Every structure is written in structure tokens, then in C-alpha cells.
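Here is a walk through one model, for someone who likes to know the cut-offs behind the words. Have a look at the structure first, then read on.

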Amino acid sequence: MIKEQTSEYELLLLKASRGIALQLYQGQEIIIENSAGSQVVDTWAINSDNAREYSAMEHTRSLNSNIFFEQGMHVFSSLRRPMFTLSIDETPGRHDTLLCPCSEELYQQLGVKEYHRSCSDNFHEALKEVGIDLPFTPASLNLFMNVPFKTSGELDRMPPVSKAGDRIMLTAEMNIWLILSACPQDITPINGASRTPQDIALYIKKGTADNHD
């Protein structure tokens, strides 16, 4: 179980429809709390010492032999090395590895005429804030996203099954930038029946960075 947060953790708020890049060092923990219960969080990692190594869902599915991301599993990099672990999961699941991060083109195909924030834009904006420019958008791990499938191979897009206050803990397996996007999707019910993006609470374990200066 994830204990109540203490002075060991720093609280940050990931605002609805926005993104953030967080420096995590090997062994450092972050708790992600789905305050509303219905908010999907698109997630990536980049090796903070080599931006050419990034989280890769194709290797993650292959090495875990699973299309879902469950407690105890690693997210693996483009070099097939563990980047972070889902060390504790207090949600009912699921966490999707199949669907792409939303993008400007996706919203245009959904009929949006004006600019709409997207997880792809949030990813690049967050990286720009920390001085990283990646010329492409990797596939995302979609925390709390509920994507059931049929034996025929068809996918569905359903509201999350997590409840308000459900939490997970990730543990860094190398020094990484962890990029999170509180998904801006407000057209399909992927963020719940209300189709309203919500804030996410982040609790970052303090002190680890001091040991790597």
C-alpha cells in the first residue's frame, strides 16, 4: 500500500490538459494520484544522459509479454533496458500500451476546426522547457486508460475504471526525464463520461537528487 504522503514527498499539480517533464534519478519514486478518478495520463521517459534512448511501447509489450502494463512490470527503452517500474498499483487497472498519444491531426479527424491541445504537443512543450528537442513523438504509455479488446482484434475506448483518489507508484530504474500529460481529450469518453480533463496530483520522493550532484 502507498502510505500517506509525508515531508519526504514534494507535491506538484499537473494541470488538466497540460504536460510536465520531471527529473527522476535511479531509485527515485513518484506517486501519481488520479484525483478525479477519470483522468488519463500519457507517459514517456527519456534517458537524461542520452536523449536518443526513450521509452518504447513495442519493446515494453515484447519483454513483458503483455499488452497491458501491470504492477511489477518495467517500461523498457528503445535499447530494451528498464527505465521505470510500476512498483505499486492501487487502481483496478487498466493501463494501455496500444493507443497513440492524441495529436493535432487526431483532433482534426474528430472534426475540430480550431487548435486543440494534445498530448503530443504537451510532450514537446515539456521537453522544450528542459532544453530537449526530439524530432518525433514516441508512443506513450497511457496510465489509467481503459482499452478493452475482442478476440477478433477490435479495440474499444472506454472510460477509466479507476476511482477518485486511486494512486500508483513509479520507481526510476535509471536517471530519466519522466514526461506526463494530463490528456486533453474532451470529445470521446476516454477521460470519463463527463469528457472533462482533470488535474493530477504528483508526489515526488525528495532527497534522491542530492546524491547525484
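S65 sits in the loop between α1 (57–64) and β5 (74–76); helices (H or I, at least four residues) and strands (E, at least two) are DSSP runs, numbered from the N terminus. Though S65 isn't a glycine, its phi is positive, at about 50°. With a relative accessible area of 65%, S65 is exposed. For that label, buried means under 20% relative accessible area, exposed over 50%, and partly exposed in between, with a 1.4 Å probe and protein chains only.

A word on where the numbers come from: this is a predicted model, where local features need pLDDT of at least 70 and side-chain atom pairs count only at pLDDT 80 or more, while totals for chains, interfaces and linings use all residues. Residues are numbered from 1 along each chain as its sequence is written, and side-chain values use heavy atoms, leaving out hydrogens and water.

F144 also has a positive phi without being a glycine, near 70°. This one lies in the loop between β7 and β8, and F144 is buried, at 1% relative accessible area.

F144 turns up again around H95, a residue in the loop between β6 (82–89) and α2 (104–109). H95 counts as buried because its relative accessibility is 1%. Its side chain makes a polar contact of 3.0 Å with that of D89. Such a contact is a pair of N or O atoms within 3.5 Å; within protein, one must be able to donate a hydrogen and the other to accept it, and residues adjacent in sequence count only if both atoms are side-chain atoms. Setting aside neighbours within four places in sequence, H95 has contacts (heavy atoms within 4.5 Å) that include F68, F69, D89, F144 and M145.

The loop that holds H95 is also home to R94. A cis peptide bond joins G93 and R94, with omega about 0°.

On to the charges. Side chains of opposite charge can pair when their charged atoms come close. A salt bridge here is a side-chain nitrogen of Lys or Arg within 4 Å of a carboxyl oxygen of Asp or Glu, and by this rule the count comes to eight. Among them are these:

| Pair | N to O distance | Apart in sequence |
|---|---|---|
| K205 and E8 | 3.8 Å | 197 residues |
| K205 and E29 | 4.0 Å | 176 residues |
| R94 and E70 | 3.9 Å | 24 residues |

K205 lies in strand β10 and E8 in the segment before β1 (9–14), so their pair ties together parts distant in sequence by 197 residues. E29, for its part, is in strand β3. E8, E29 and K205 are joined into one network by salt bridges that share partners. How exposed are K205 and E8? K205 is partly exposed at 22% relative accessibility, and E8 is partly exposed at 44%.

R94 is in the loop between β6 and α2 and E70 in the loop between α1 and β5, so that bridge connects two loops. R94 is partly exposed, at 35%, and E70 is partly exposed, at 35%.

K206, in the segment after β10, also comes up against E8: the two are 198 residues apart in sequence, yet 5.5 Å apart in space, C-alpha to C-alpha. Beyond four places in sequence, K206 is in contact with S7, E8, Y9 and E10. K206 is partly exposed, with a relative accessible area of 47%.

Now for the inside. A nonpolar core is a set of buried Ala, Val, Leu, Ile, Met, Phe, Trp, Tyr and Cys residues joined through side-chain atoms within 4.5 Å. The largest has 28 residues, and I30, I32, F84, I176 and L180 have the most contacts inside it. Strands that each supply at least two residues of this core include β2 (19–24), β3 (29–34), β4 (41–47) and β10 (200–205). Which strand gives the most? That is β9, with four residues. I30 is in contact with, among others, L22, I168, L180 and I204, its neighbours within four places left aside. A second, separate core of 21 residues includes Y54, A126, M145 and I190.
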